[in-house]
Amino acid sequence: MLIKKGAEASIFLEDWQGQKVIMKHRLPKKYRLPQIDERIRSYRTIRESQLLHCAKEAGVATPMIYSVDLVDSNIIMEFIEGIQVKQVLNGYSTEERQHLSNCIGKLIGSLHLHDIIHGDLTTSNMILNESGNIVFVDFGLGEISVELESKGVDLHLMKRAFQSIHFRYAEECFKAVLEGYTKMVGVEMAKKVIGRISEIERRGRYVSERKGRVQR
Amino acid sequence: MKRCNSTKICLGIEATADDFGVGLLDFEGKVLANVNSTFIPETGGIHPREAARHHAKNAGRIISKAFQTAKIEPQDITVVAFSQGPGLGPCLRTGATAARALASYLNVPLVGVNHCVAHIEIGKLVTGFTDPITLYVSGGNTIVTAFDAGRYRIFGETLDIALGNCLDVFAREAGLRQQEGMPLGAVVENLAKKGEVLVDLPYSVKGMDLSFSGFLTAGVRLLRSKKYRLEDLCFSIQEVAFSMLTEVTERALAHTEKIELLLTGGVGANKRLQTMLKIMADEHDVRYCVVPKQYALDNGAMIAWTGILAYKYGLIIPIENSYVRLKWRLEEVDAPWVKG
């Protein structure tokens, strides 16, 4: 049963050997040349399964992988019962929101300590499971990287996700994320990464930070 | 011929980069005139001061031509709008000076318009779309945007240079020249049609954002290695870059669940990009329109139309506060005229 037709992949809820599982299928994209399309799909399938595994080693909950099929670009993984952070965040009280954001920051910190870059940190890719823990999904755009730049971009994307979906609380949420992040990675590394975020922002188009004033 | 007093008309001046454009629109959205003059550099890219000099030299002529085309007199103008930003300082200031002079001489209100908002609004006017995802790709911008809660929000954008800029620099590195009515992008497009071999280039999609600076460096490096035909390189650059654009647009569509897709900006004139987006839009059952060239490139009509929308909400600015805003982000603009 198709439960989500995303841009990059379709997510099916299936019964697999008596278990409820998620099948993530990366569909061929007709708009791309087949050479480009096949390269991207198989590369992302491999990378996603590797990163889902690495994240667990870093102490971040991700779905279990049951099967990977490179011919069809398919991953069969555990179905996480829960709700997307995107759906709950705006309805939360300030304290709840800050607590959740703080936890998210710690988890991103754990990933970055192991040089795991998620690549698409949005609140739709974080699931609050039944026991109240956050499970990270969709590592399709992730990578392993020691670069400060990748970590900075990763957090910058998180900030941008807050700004586009939770714009009313973007500032406080991102601040709490950075606090959690700092707690996890330590002040020294956090300083470097946060410094890089503002550098990345200044590089962007028509960014008010360049003018030395605070962005609304 | 003096118009009857009931017809309200806005004059819009666009001067953010290499184009000086004047548009005349009535308040119903009818385009009475849309006249343009483009600065073509002899070598290299757009030098802001040179472009501004071109604008200053041509402003009078273009404004007169607009009045002639529309068959109206300056006294028929109700409001003057100008592109207040974002863009190149000297160009913006030249356009703003012309607008202030007109507004002050005619004693009519002045409206400052955000260039990016104007691209979206004119696109909506000419296509009839009401709430689209807009992909705006030009020499200065690469943005995926949609309206949400009072403003146009940016869902994806370039983290460094715009795609049009990237294509232009690559083309100049390859020794290609811009001609009247034939921008560098079109030259690249024609060469790409003769390309056959796909050369490996970095595909850098970061979430919903894009990066083209490393992509450009890689392209230029391949060019300098002299191992590949220029046609093949142009072909590969287009295929990879447009795949990236289509992917982030698709992500924004899936994310926002909007049902209209609008393509605008200079790079939007590229047929291959148009086709890719069409295929993607059809797969998602999304209505898709490409803004016609005269309204997709920088033009005065879009400034006039957005000026009308803002004027109706009383968003006029006193001349003494009409500073240009070089880095005015799309997200900073309140758009009360859009129904959320």
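Helices (H or I, at least four residues) and strands (E, at least two) are taken here as DSSP runs, numbered from the N terminus. The model is predicted, so local features need pLDDT of at least 70 and side-chain atom pairs count only at pLDDT 80 or more, while totals for chains, interfaces and linings use all residues. Residues are numbered from 1 along each chain as its sequence is written, chains are lettered from A and ligands numbered from 1 in the order in which they are written, and side-chain values use heavy atoms, with hydrogens and water left out.

A good place to start is the overall form of chain A. Its secondary structure consists of six helices and ten strands. The radius of gyration (taken over C-alpha atoms; the globule rule is 2.2 Å times the number of residues to the power 0.38) is 18 Å for chain A, in agreement with the value near 17 Å for a compact globule of 216 residues. Along the principal axes, the C-alpha atoms fill a box of roughly 55 × 40 × 30 Å. Buried residues (under 20% relative accessible area, with exposed meaning over 50% and partly exposed in between, for a 1.4 Å probe and protein chains only) make up 53% of the 216 residues of chain A. For contacts (heavy atoms within 4.5 Å) with a separation of 6 or more in chain A, 60% join residues 24 or more positions apart.

The accessible surface of chain A (from the Shrake-Rupley method with a 1.4 Å probe; for residues, only the protein chains shown count as cover) is about 10100 Å², and carbon and sulfur atoms hold 53% of it. Chain A carries 32 positive and 28 negative charges, whose mean positions are 8 Å apart. In this count Lys and Arg are positive and Asp and Glu negative, with His and the chain ends not counted; each charge is placed at NZ of Lys, CZ of Arg, CG of Asp or CD of Glu.

Within chain A, one residue to look for is A:Ser10, which belongs to strand E2 (residues 10–16). A:Ser10 counts as buried because its relative accessibility is 3%. Leaving out residues up to four places away in sequence, A:Ser10 touches A:Leu2, A:Lys4, A:Lys5, A:Met23, A:Lys24, A:His25 and A:Leu27.

Helix H5 (residues 170–185) of chain A has 16 residues, which should span 22 Å at 1.5 Å a residue, and its end C-alpha atoms are indeed 22 Å apart. The expected span of a helix is 1.5 Å times one less than its number of residues. Among the buried residues of H5(A) are A:Cys173, A:Phe174, A:Val177, A:Leu178 and A:Tyr181. An α-helix has 3.6 residues a turn, so residues three or four places apart point the same way. The cover over the buried residues of H5(A) includes helix H2 (85–89), helix H3 (94–113), helix H4 (148–165) and helix H6 (187–203) of chain A. After H5(A) comes A:Gly186, with a positive phi near 90 degrees.

Turning to chain B, there are ten helices and twelve strands. Its radius of gyration is 20 Å, close to the 20 Å from the globule rule for 340 residues, so chain B is as compact as a globular protein of that length. The C-alpha trace of chain B spans about 65 × 45 × 30 Å along its principal axes, and 61% of the 340 residues are buried. Of the contacts in chain B with a separation of 6 or more, 75% are between residues 24 or more positions apart. Chain B exposes about 13300 Å², with 52% supplied by carbon and sulfur atoms. The centres of its 37 positive and 36 negative side chains lie 5 Å apart.

Two residues of chain B show contrasting settings. B:Asp18 sits in the loop between strand E1 (9–14) and strand E2 (19–26), and is buried because its relative accessible area is 17%. Beyond neighbours within four places in sequence, B:Asp18 is in contact with B:Ser37, B:Thr38, B:Phe39, B:Ile46, B:His54 and B:His55. B:Ala241, in turn, is part of helix H7 (residues 230–256) and is buried at 0% relative accessibility. With the same neighbours set aside, B:Ala241 is in contact with B:Leu163, B:Phe212 and B:Phe215.Two helices of chain B complete the picture. In helix H3 (residues 115–127), eleven of the 13 residues are buried, so H3(B) is largely enclosed by the rest of the structure. H10(B) is mostly covered, with eleven of its 13 residues buried, including B:Trp305 and B:Leu309.
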